[in-house]
Amino acid sequence: MNCNCINEVEAKVKEHHQPQVKAPIDSVRCTNISWVLSGEGGTFISIPFSIKADAPGYRSEKGKQMMVHASYCPFCGVSAKKEKPSE
Ligand SMILES: [Zn+2]
């Protein structure tokens, strides 16, 4: 990610949701974040997809979950890929 949207949205969610919670909110974390170490690496927002097939690991009602990285931030539209300094 090349923006600070996740942190900003987490803070907004905390502020917006606090009146509905009867105790101080300790933390708000986006649970669809992936840290990728290989390739270009970095932090990505991941969207889960369910794959079903008549094969081991794929037969359950939920199927096998696979995470797909979003190429752009869904909040501001900035590319999530690492910026290359020489370009
Ligand atoms: Zn963003």
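Student: Helices (H or I, at least four residues) and strands (E, at least two) are DSSP runs, numbered from the N terminus. With that settled, what is the bridge partner of Ser50 in E3?

Tutor: Ser50 is bridged to Gln65 of E3. Before we go on, this is a predicted model, where local features need pLDDT of at least 70 and side-chain atom pairs count only at pLDDT 80 or more, while totals for chains, interfaces and linings use all residues. Residue numbers start from 1 along each chain as its sequence is written.

Student: Thanks! How many bridges join E2 to E3?

Tutor: There are 6 bridges between strand E2 (residues 42-51) and E3, and the two run antiparallel. For two strands to pair, DSSP has to find at least two bridges between them.

Student: And E1, how does that one pair with E2?

Tutor: Strand E1 (residues 33-36) is antiparallel to E2, with 4 bridges between them. Ser34 sits opposite Phe44 in E2, and Val36 has Gly42 of E2 as its bridge partner.

Student: What happens in the hairpin of E1 and E2?

Tutor: That hairpin has 5 residues between the strands, and Gly39 takes a positive phi near 60° there.

Student: OK, so which order do the strands take in the sheet?

Tutor: The order is E1-E2-E3, in an open sheet of 3 strands with antiparallel pairing. E1 and E3 are at the edges with a single partner strand each, so one side of each has no neighbour in the sheet.

Student: Is E3 in the open or buried?

Tutor: Largely in the open, because the number buried is 0 among the 6 residues of strand E3 (residues 64-69). Buried here means that 20 or more other C-beta atoms, placed from the backbone, lie within 10 Å of the residue's own; 12 or fewer means exposed, and in between is partly exposed.

Student: What percentage of the protein chain counts as buried?

Tutor: Just the figure of 3%, out of 87 residues.

Student: Zooming out, what pattern does the protein chain follow along the sequence?

Tutor: Along the sequence you meet α-β-β-β, from 1 helix and 3 strands. The protein chain is more spread out than a compact globule, because its radius of gyration is 17 Å, well over the 12 Å from the globule rule for 87 residues. That radius is taken over C-alpha atoms, and the rule is 2.2 Å times the number of residues to the power 0.38.

Student: Last one: what does the C-alpha trace span along its principal axes?

Tutor: For the protein chain, the C-alpha trace spans about 50 × 45 × 20 Å.
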